[in-house]
Amino acid sequence: VPLLEKVHGAANHQGDAPERLRAVLQSRREVAELETELNQAINAEEYERAAELRDRIREMKTEGAREH
């Protein structure tokens, strides 16, 4: 392992993901962030904002389902 760290700068491989997988992972991260915002809006009783976030999440999930 020390040889790998010396040659590559790390012992773990950090290769690129295929473009399609990268897009899926990015979409999932965005949905998770929106869901967090949605919960915060609900807790703050910002129901109009919560409805906007809910609709955006549904839209993103529908788009994701169509791509698979």
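Is Glu-37 buried, partly exposed or exposed? With a relative accessible area of 32%, Glu-37 is partly exposed, where buried means under 20% relative accessible area, exposed over 50%, and partly exposed in between, using a 1.4 Å probe and protein chains only. The tour returns to Glu-37 among the salt bridges.

**Before selecting anything**

This is a predicted model, in which local features need pLDDT of at least 70 and side-chain atom pairs count only at pLDDT 80 or more, while totals for chains, interfaces and linings use all residues. Residues are numbered from 1 along each chain as its sequence is written, and side-chain values use heavy atoms, with hydrogens and water left out.

**The whole chain**

Colour the protein chain by secondary structure, and three helices and zero strands appear, in the order α-α-α along the sequence; helices (H or I, at least four residues) and strands (E, at least two) are DSSP runs, numbered from the N terminus. Of the 68 residues of the protein chain, 15% count as buried. If you turn on a surface, the exposed area is about 5900 Å², with carbon and sulfur atoms supplying 49% of it, as computed by the Shrake-Rupley method with a 1.4 Å probe, where for residues only the protein chains shown count as cover. Among the contacts in the protein chain with a separation of 6 or more, 33% come from residues 24 or more positions apart, a contact being heavy atoms within 4.5 Å.

**Helix α2**

Select α2, residues 19–43, whose 25 residues reach 36 Å from the first C-alpha to the last, close to the 36 Å expected at 1.5 Å a residue; the expected span is 1.5 Å times one less than the number of residues. Show side chains for Val-24, Val-31, Leu-34, Leu-38 and Ala-41, which are the buried residues in α2, and note that what covers the buried residues of α2 includes α3. After α2 comes Glu-45, whose phi is positive, near 60°.

**Helix α3**

Next select residues 47–67, the 21 residues of helix α3, which should span 30 Å at 1.5 Å a residue and whose end C-alpha atoms are indeed 30 Å apart. Its buried residues are Ala-50, Leu-53, Ile-57, Met-60 and Gly-64. They cover an arc of only 90° around the axis, which puts them on the same side of α3, the arc being that of the directions from the helix axis to the C-beta atoms. Rotate to the other side of α3, where Tyr-47, Glu-48, Arg-58, Ala-65 and Arg-66 are exposed. The cover over the buried residues of α3 includes α2.

Within α3, centre on Glu-67, which counts as exposed at 55% relative accessibility. The C-alpha atoms of Glu-67 and Arg-20 are separated by 9.9 Å, although the two are 47 residues apart along the chain.

**The nonpolar core**

Which residues make up the largest nonpolar core? Select Val-31, Leu-34, Leu-38, Ala-41, Ala-50, Leu-53, Ile-57 and Met-60, eight residues in total, where a nonpolar core is a set of buried Ala, Val, Leu, Ile, Met, Phe, Trp, Tyr and Cys residues joined through side-chain atoms within 4.5 Å. Both α2 and α3 supply at least two residues of this core. Centre on Leu-38 and, leaving aside neighbours within four places in sequence, you will find Leu-38 in contact with Ala-50, Leu-53, Arg-54 and Ile-57.

**Salt bridges**

Side chains of opposite charge can pair when their charged atoms come close. With a salt bridge taken as a side-chain nitrogen of Lys or Arg within 4 Å of a carboxyl oxygen of Asp or Glu, the count comes to six. Begin with Lys-61 and Glu-35, whose side chains meet at 3.2 Å, N to O. Lys-61 lies in helix α3 and Glu-35 in helix α2, so the pair ties together parts that are 26 residues apart in sequence. Lys-61 is partly exposed at 48% relative accessible area, and Glu-35 is partly exposed at 31%.

Now select Arg-49 and Glu-37, which form a salt bridge at 2.9 Å, N to O. This pair links distant parts of the chain, with Arg-49 in helix α3 and Glu-37 in helix α2, 12 residues apart. Arg-49 counts as partly exposed at 37% relative accessibility.

Finally, add Glu-52, whose side chain meets that of Arg-49 in a salt bridge of 3.8 Å, N to O. Both Glu-52 and Arg-49 lie in helix α3, three residues apart, about one turn of the helix. Through shared partners, salt bridges join Glu-37, Arg-49 and Glu-52 into one network.
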